[in-house]
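Reader: I should like to learn how to read a protein model step by step. May we go through one together?

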Amino acid sequence: MKHPVIILAAALAVGSAAVAVRASAAGAPQRASGAGIVHAHADITGEGISGTADFTESQQATGTLVTITVTVKGLKPGMHGVHLHAVGKCTPDFAAAGGHFDPGPAGNPDPDANHPYHMGDLPQLAVTGPTATMRVATTRVTLSDGPLSLFDADGSAIVIHGNPDQGITGEPKSGVSGGPRLACGVIEKK
Ligand SMILES: [Cu+2]
């Protein structure tokens, strides 16, 4: 089954996470330990694009679920690939965010050649007006410490792409996962 069934694109309550204090200091984000972290935030920016991503971790029975709310302004209408990328950097350009988050002994962060099997792959963002929002949940990553933590040694970022995510595997640089990177945000603890 190729469909990423463990990602639940469902409406889930995130509570008041989005209004808590946001760490947007210009310095390097805190990294290397996600011990006890249950909330995270990213300020998403690109040319003419701004937005936020808020992350909340919760326990679901024996599993760990991360709910992600993404709100972005300034994107052209259509579908846009959205992923969690392997490195918590968006400068000097969005290539600094590396490939798609895919830790593990068999991880392969190549955005297209190992798509849509990365741990950081998410449902895409549907843009129909000036502001687009989506709320998704994934068991493929955690905020707290562990083998799937977004707060690994080099952090993680969220990237919005210019094209639809075709949800298929392609040749490296073929762009099947969404092509050009339009906006990026470093994921920070909060
Ligand atoms: Cu991506």
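Reader: Which strand does β9 join through 5 bridges, and in which direction do the two run?

Author: This model is predicted. In it, β9 is joined by 5 bridges to strand β10, residues 181-186, and the two run antiparallel. One position to look at is Ala 157, which stands opposite Val 186 in β10.

Reader: Which strand do 4 bridges join to β9?

Author: That strand is β6, residues 82-85, and this pair also runs antiparallel. Here Leu 84 has Ile 158 as its bridge partner in β9.

Reader: How many residues of β9 are buried?

Author: Burial is judged by counting neighbours: a residue is buried if 20 or more other C-beta atoms lie within 10 Å of its own. In β9, residues 157-161, 5 of the 5 residues are buried, and the strand is mostly covered. The side on which each residue lies can be read as well. Ala 157, Val 159 and His 161 point one way from the strand, while Ile 158 and Ile 160 point the other way, and all are buried.

Reader: Is Arg 181 buried or exposed?

Author: Arg 181 lies in strand β10. It counts as buried because it has 22 C-beta neighbours inside 10 Å. When residues up to four places away in sequence are left out, Arg 181 touches Phe 94, Val 159 and His 161.

Reader: What distance separates the C-alpha atoms of Arg 181 and His 161?

Author: These C-alpha atoms are separated by 4.5 Å, although the two residues are 20 residues apart along the chain. A similar question may be put to the protein chain as a whole. Among its contacts between residues at least 6 apart in sequence, 66% join residues at least 24 apart.

Reader: How many helices and strands does the protein chain have?

Author: There are 0 helices and 11 strands. Read along the sequence, the pattern is therefore written with β alone, as β-β-β-β-β-β-β-β-β-β-β. Of the 190 residues in the protein chain, 42% count as buried.

Reader: Let us turn to the backbone. Which peptide bonds before Pro 92 and Pro 116 are cis?

Author: The bond from Thr 91 to Pro 92 is cis, with omega near 5°. The bond from His 115 to Pro 116 is cis, with omega near 0°. Pro 92 is found in the loop between β6 and β7, the latter being residues 125-127, and Pro 116 lies in the loop between β6 and β7.

Reader: Where is Ala 61 placed, and what is its phi?

Author: Ala 61 is in the loop between β3, residues 49-60, and β4, residues 63-73. Its phi is near 55°, a positive value in a residue other than glycine. Ala 61 is exposed, with 6 other C-beta atoms within 10 Å.

Reader: What is the phi of Lys 173, and is that residue buried or exposed?

Author: Lys 173 has a positive phi of about 65°, although it is not a glycine. It lies in the loop between β9 and β10. Lys 173 is exposed because it has 11 other C-beta atoms within 10 Å.

Reader: What pLDDT does the protein chain average?

Author: The average is 86, and 81% of the residues score at least 70. Over residues 1-32, however, the pLDDT is below 50, and this stretch has 49 contacts in the model beyond near neighbours in sequence.

Technical notes. Residues numbered from 1 in each chain as written. Predicted model: local features only at pLDDT ≥ 70, side-chain atom pairs only at ≥ 80, totals over all residues. pLDDT = per-residue confidence, 0-100. Contact = placed C-beta atoms within 7 Å. Buried ≥ 20, exposed ≤ 12 C-beta atoms within 10 Å, placed from the backbone. Pairing = 2+ DSSP bridges.
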